[in-house]
Amino acid sequence: MFLSTQAEPIRVLVTGAAGQIAYSLLYSIAKGDVFGKDQVRFILTNHLDPPGHPPMLPVLDGVVMELQDCALPILKEVIPTDKVEVAFKDIDAAILVGSMPRKEGMERKDLLKANVAIFKTQGAALDKYAKKTVKVVVVGNPANTNCLIASKSAPSIPKENFSCLTRLDHNRACSQVAMRCGVSSDQVKNVIIWGNHSSTQYPDVHHAKVNLQGAETEAYQAIKDDAWLRGDFISTVQQRGAAVIKARKLSSAMSAAKAICDHMRDIWFGTKEGEFVSMGVYASGNSYNIPEDLIYSFPVQIKNKTWKVVDGLPINDFSRAKMDATAAELVEERDTALDFLSQ
C-alpha cells in the first residue's frame, strides 16, 4: 500500500457515477487502489448527462448506500449531487466517465456535437470551482476530443493537468503479448498505444520487452511471429471494445475501471524506473511530428505528478503510417468539435 502524504481527504469527482464503469471503479478507489492510504471524499454526479436524461439521483443514493455498506476505512464521505458548484468545488481529481453514448443510426458528428456541449460545461465548471492543481482524466468517448474541449474550456488550469484514458488499450495490448508468450502480464512492459482511443489507434510493440525466464527479451524476438504482430494483434486490440459489446451486450466496465485506476495511480505515484505507459496528453512539443493542438496517446513517464513524453524512440515506416493515420482522424474530430464549440 502507498504511504499517506495528505492530511485532508482527497476530493475525487466521478461523473457518470450511476453507470457500469463507476460501479467497479468506486470500490477500487475507496479501498485504496489509487490514492493509497490517504482518505478519500467522493463527489458523485450524473447531472451532466444530456438534457432529457432521467434524473439519476435516486440511483446514486443506492450507490452511496453500497459504498457505506462496504465499511471501508479510508472512505471519509460520499456526496451525491446534481449541482455543478458542489460537484466541482475544490476537487483534487476529476474522473469524467459520463458522456453521451453513440445511439443506433447516430452520425459521428452528432455524437461529437452532443459531447462538445457536455465537456464545455464540465471544463467551465473545472475552471470556476476546482483547484488549479486538479488532475483530470477523461474516459467518456470520444475521449481524446472530449478531453481537448474540456481543457480549452478551462483556460486557468494547466493543459498538462488533462489526460484521456488509453490505458485500457495499453492493458489489452500487454495482455495479448503476455498470453502469446505464456507469461503473466506483469512480465511485459513498454507497449505503446499511439493516437486516438478509437479503432484507428496503433498498438505498437517495437519497443516492448518481455521477461522470459528472467531474461528481458524484445517482444518481436519473444513472439517470433511478425505477421501476427503486424496483423491480428493490432486488429484484436483495436476491435476489443466492440468484441466485448458483442459478447456481453454491454461495453467494457470492469476492465475500464481497472485501467482508470492504473492511469490515476501512475499520475499520483509515478511510473516505475525504466518503464513507460500510454495516455492521451497534449501533443505540444512532441518529437514525433504529431500535430500540436491534439490530445494524442503517447508513451509517457511520470514523476512528481508530472508526465513527460518518452522522446527519441526510433519509428519505422510501418509505425509512421499508422501514427499518421490516427493523427489525421484526431485532426478531423478536433476541427469538427471546435466548429461546434465556437457556435
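## The loop before H5

Pro142 sits in the loop between E5 and H5. In this predicted model, the peptide bond leading from Asn141 to Pro142 is cis, and its omega is near -5°. If you are setting up a force field run on these coordinates, here is what follows that bond along the chain.

Helix H5 spans residues 143-152, and nine of its ten residues are buried. Those buried residues are Ala143, Asn144, Thr145, Asn146, Cys147, Leu148, Ile149, Ala150 and Ser151. What lies over them? The cover includes two helices, H4 (108-129) and H12 (317-341). It also includes the strands E5 (135-138), E6 (162-164), E12 (277-282) and E13 (295-303).

## Two domains and their cores

The domain assignment splits the chain into domain 1 (10-164) and domain 2 (166-334). Their C-alpha centres are 24 Å apart. Each side brings residues to the contact: 33 from domain 1 and 33 from domain 2.

The largest nonpolar core counts 81 residues, and Val14, Phe35, Phe42, Leu44, Ile95 and Phe298 touch the most other members. Helix H11 supplies the largest share of this core, with eight residues. Where does the core sit with respect to the domains? Both domain 1 and domain 2 give residues to the core, so it lies between them. As a general background, nonpolar side chains tend to be buried together in soluble globular proteins.

Val14 offers a local view of that core. Setting aside residues up to four places away in sequence, Val14 touches Ala22, Leu25, Leu26, Ile43, Leu44, Thr45, Ile95 and Val97. Apart from this core lies another one, of 36 residues, with Ala94, Val134, Cys147 and Tyr282 among them. Cys147 is also one of the buried residues of H5.

## H6 against H11

Helix H6 (residues 167-181) packs on helix H11 (residues 254-269) at an angle of about 105°, and the two axes are 8 Å apart. That angle makes H6 roughly perpendicular to H11. By class, their contact has three nonpolar, three polar and four charged residues. On the H6 side the residues are Arg167, Leu168 and Asn171. They meet Ser255, Ala256, Lys258, Ala259, Asp262, His263 and Asp266 in H11.

His263 deserves a closer look. This residue of helix H11 counts as buried because its relative accessibility is 0%. Leaving aside neighbours within four places in sequence, His263 is in contact with Val137, Ser163, Cys164, Leu165, Arg167 and Met279. As a distance reference, His263 and Gly19 are 244 residues apart in sequence and 19 Å apart in space, C-alpha to C-alpha.

## A buried valine and a partly exposed lysine

Is Val210 buried or exposed? With a relative accessible area of 0%, Val210 is buried. This valine belongs to strand E10 (residues 209-212). Beyond its neighbours within four places in sequence, Val210 is in contact with Val177, Cys181, Val183, Gln187, Val188, Ala215, Glu216, Thr217, Ala219 and Ala222. Val210 and Ile118 are 92 residues apart in sequence, and their C-alpha atoms are 41 Å apart.

Lys109, in helix H4, is partly exposed, with a relative accessible area of 49%. Apart from neighbours within four places in sequence, Lys109 is in contact with Thr336 and Phe340. Both the C-alpha atom of Lys109 and that of Phe269 can serve as markers: they are 160 residues apart along the chain and separated by 37 Å.

## Positive phi in two loops

Two loop residues are worth a glance in a Ramachandran plot. Ala71 has phi near 50°, a positive value in a residue other than glycine. Ala71 lies in the loop between helix H2 (57-69) and strand E3 (75-80). At 62% relative accessibility, Ala71 counts as exposed.

Lys305 has phi near 60°, again a positive value in a residue other than glycine. The loop that holds Lys305 runs between E13 and strand E14 (306-309). Lys305 counts as partly exposed, at 31% relative accessibility.

Conventions: Residues are numbered from 1 along each chain as its sequence is written. This is a predicted model: local features need pLDDT of at least 70, side-chain atom pairs count only at pLDDT 80 or more; totals for chains, interfaces and linings use all residues. Side-chain values use heavy atoms; hydrogens and water are left out. Buried means under 20% relative accessible area, exposed over 50%, partly exposed in between (1.4 Å probe, protein chains only). Helices (H or I, at least four residues) and strands (E, at least two) are DSSP runs, numbered from the N terminus. Contact means heavy atoms within 4.5 Å. Axes are lines fitted to C-alpha atoms, for helices over the stretch in contact, and angles run from 0 to 180 degrees between N-to-C directions. Angles under 35 degrees count as roughly parallel, over 145 as roughly antiparallel, 65 to 115 as roughly perpendicular and the rest as oblique. Ala, Val, Leu, Ile, Met, Phe, Trp, Tyr, Cys and Pro count as nonpolar, Asp, Glu, Lys and Arg as charged, and the others, Gly among them, as polar. A nonpolar core is a set of buried Ala, Val, Leu, Ile, Met, Phe, Trp, Tyr and Cys residues joined through side-chain atoms within 4.5 Å. Domain bounds come from an automatic or database domain assignment.
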